[in-house]
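Here is a short tour of a single protein chain, written to be read with the structure open beside it. Take a moment to turn the chain around before reading on.

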Amino acid sequence: MELTDVSDDLTEILISEEQIRSRIAELARAIEADYAGTDVLLVGVLKGAVMVMADLARELKIPVTMDWMAVSSYGSGTQSSGVVRILKDLDTDLSGRTVLIVEDIIDSGLTLSWLLSNLNSRGPASVEICTLLRKPEAARVDIDVKYVGFEIPNRFVVGYGLDYDEKYRNLRGVGILSPGVYT
Ligand code: XMP
Ligand code: MG
């Protein structure tokens, strides 16, 4: 679905399909250079990271394996609480593995900082993070994010995997959701 197909629900088109494609290609070149000769495990966080994972993994010119986790931050609506529950764990044993977490968005960073310590406790060789989007709030938590696609304003965005109430995930780009949709 195109952003223009739901233009009534958006206040702004933030990132086009083409901008995402070209930025993911840049990230892939950096990742290939950093991980050449390494057996990388990409860990995608369901469901938001599905699109980033699919496009990033196919863009990479090095072999990788992929696994998935589903977590839920307790708390409702559009705010994360930092209390995290595992809904689906990895199938992969992380001991000695080189892990790259693939995320759609970092907002408060609470979910990710929990995930980082959880994965780090499993004895991996390393755990790094690649996120397509990052909001300014994220600067307040001390996590080192190795690859960031776009720094975006502190607004609720949808598309390219990101949802509101499970909708808009299949948009090809990212847009700012009109507050009228959720108030
Ligand atoms: P924290 O705050 O823990 O939250 O970094 C990360 C998770 O919150 C969701 N999130 C969003 N989802 N549009 C969305 O569709 C947004 O603007 C947004 N901000 C945060 C998302 O699930 C993310 O993984
Ligand atoms: Mg997410």
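The report below goes from the overall fold to the sheets, the core and one residue outside the strands.

## Overall fold

Please keep in mind that this is a predicted model. Its chain holds 4 helices and 9 strands, and from start to end these follow the pattern β-α-β-α-β-β-β-α-β-β-β-β-α. With a radius of gyration of 16 Å, close to the 16 Å that the globule rule gives for 183 residues, the chain is as compact as a globular protein of that length.

The C-alpha trace spans about 50 × 35 × 30 Å along its principal axes. Buried residues make up 32% of the 183 in the chain. Among contacts with a separation of 6 or more, 65% come from residues 24 or more positions apart.

## The six-stranded sheet

Let us start with the sheet of 6 strands, which is open and has the order β4-β3-β2-β5-β6-β7. Its pairing is mixed. Strands β4 and β7 (147-151) stand at the edges; each has a single partner strand, so one side of each is left without a neighbour in the sheet. From one strand to the next, the twist averages 30 degrees.

At the β4 edge, β3 and β4 run antiparallel and are joined by 4 bridges. One pair to look for is Ser-73 with its bridge partner in β4, Val-84. Helix α2 (residues 50-59) lies across β2 (40-46), β3, β5 and β6. Relative to β2, helix α2 runs at about 155 degrees.

## The three-stranded sheet

A second open sheet has 3 strands in the order β1-β9-β8, and here the pairing is antiparallel. β1 (10-15) and β8 (157-158) stand at the edges with a single partner strand each, so one side of each lacks a neighbour in the sheet.

Strand β8 is joined to β9 (residues 174-177) by 2 bridges, and the two strands run antiparallel. To find this pairing on screen, look for Val-158, which stands opposite Gly-175 in β9.

## The nonpolar core

Which residues have the most contacts inside the largest nonpolar core? They are Ile-101, Val-102 and Cys-130, in a core of 43 residues. Strand β5 (residues 98-106) gives the most to this core, with 6 residues.

Ile-101 is a good place to centre the view. Beyond its neighbours within four places in sequence, Ile-101 is in contact with Val-43, Val-45, Leu-115, Val-127, Ile-129 and Cys-130. One of these, Leu-115, is also among the buried residues of helix α3 (residues 110-120), together with Leu-110, Thr-111 and Leu-112. The buried residues of α3 pack against β3 (64-73), β4 (84-88), β5 and β6 (126-134).

## Val-6, ahead of the first strand

For a last stop, go to Val-6, in the segment before β1. Is Val-6 buried, exposed or partly exposed? With 18 other C-beta atoms within 10 Å, Val-6 is partly exposed, because a buried residue needs 20 or more and an exposed one has 12 or fewer.

Leaving aside neighbours within four places in sequence, Val-6 is in contact with Met-1, Tyr-168 and Leu-171. Gly-37 makes a useful second landmark: Val-6 and Gly-37 are 31 residues apart along the chain, and 43 Å separates their C-alpha atoms.

How values were computed. Residues are numbered from 1 along each chain as its sequence is written. Chains are lettered from A and ligands numbered from 1 in the order in which they are written. This is a predicted model: local features need pLDDT of at least 70, side-chain atom pairs count only at pLDDT 80 or more; totals for chains, interfaces and linings use all residues. Two strands pair if DSSP finds at least two bridges between them. The radius of gyration is taken over C-alpha atoms; the globule rule is 2.2 Å times the number of residues to the power 0.38. Two residues are in contact if their C-beta atoms, placed from the backbone, lie within 7 Å. A nonpolar core is a set of buried Ala, Val, Leu, Ile, Met, Phe, Trp, Tyr and Cys residues joined through C-beta atoms within 7 Å. Axes are lines fitted to C-alpha atoms, for helices over the stretch in contact, and angles run from 0 to 180 degrees between N-to-C directions.
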